[in-house]
Amino acid sequence: MDYGNMLGDSFSYAKDAVWGKWVQWILLAISTIIFPLIMGYMVRIYSGVKPAPEVGNWVGMFIDGLKLFVIGFIYAIPLFIIMAIFMVPAIMAANGGDPLLALGSLGIGLLLVLIVGIIISLISAIGIIRFAHTDSIGQAFAFGAILEHIGKIGWGATSSPSSSSGSSGLSLASLSGCWVQSRSSAG
């Protein structure tokens, strides 16, 4: 895979999307206030359309954004469950006067959430790209196909840090490029 070419394509894609398009900048800035709109625009980007999508079809963007939000929420459910499992004993231990037990329970829970969260973020990134390409929520949870695809591109290609929405977006954008590239070379 030619990473230099992919990086150049990424910059030209971004430049075509917003350079000199002040109305588009303003519309994107406004759409960040209503989060499903910006998430819907991200779905359009993840789908790999070229050139960069124009801001428009607000209802479609809103619906796609809600779908993306639901997918993200479903992927986060195991993290909520793990935290609940470890928070209840931590709270009970703290109320019972054993702060070390509370801290230990909380620490183990946070460590487990971190490990499971990293694994989920790797799998969900490909799932979100699959959803964006097919417009099927079911494809976001087609774990067999997701794991097969990760096996093709390698776990290292999906392991860039995603601690913020900006780097997560960059991770998904690069994964989208890997997805498109692997689909075109396989076809």
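Buried means under 20% relative accessible area, exposed means over 50%, and partly exposed lies in between (1.4 Å probe, protein chains only). This is a predicted model: local features need pLDDT of at least 70, side-chain atom pairs count only at pLDDT 80 or more, and totals for chains, interfaces and linings use all residues. Residues are numbered from 1 along each chain as its sequence is written, and side-chain values use heavy atoms, without hydrogens and water.

**Exercise 1.** Classify Tyr 75, Phe 141 and Phe 143 as buried, partly exposed or exposed.

Solution.
- Tyr 75 has a relative accessible area of 8%, so Tyr 75 is buried.
- Phe 141 comes out at 21%, so Phe 141 is partly exposed.
- Phe 143 reaches 40% and therefore also counts as partly exposed.

**Exercise 2.** Describe the ring pairs that link Tyr 75, Phe 141 and Phe 143.

Solution.
- Apply the cut-offs: rings of Phe, Tyr and Trp (its six-membered ring) pair if their centres lie within 6.5 Å; planes under 30 degrees apart are stacked, over 60 edge-to-face, the rest tilted.
- The whole structure holds four aromatic pairs.
- One of them, Tyr 75 with Phe 141, is stacked, at 4.9 Å between centres and 25° between planes.
- Tyr 75 lies in helix 4 (residues 58-95) and Phe 141 in the loop between helix 5 and helix 6 (143-153), so this pair ties together parts 66 residues apart in sequence. Helices (H or I, at least four residues) are DSSP runs, numbered from the N terminus.
- Tyr 75 and Phe 143 have ring centres 6.2 Å apart and planes at 90°, so they are edge-to-face.
- That pair joins helix 4 to helix 6, across 68 residues.
- Together, ring pairs link the three residues into a cluster.

Conventions:
Helix = DSSP H or I, 4+ residues; strand = E, 2+ residues; numbered from the N terminus.
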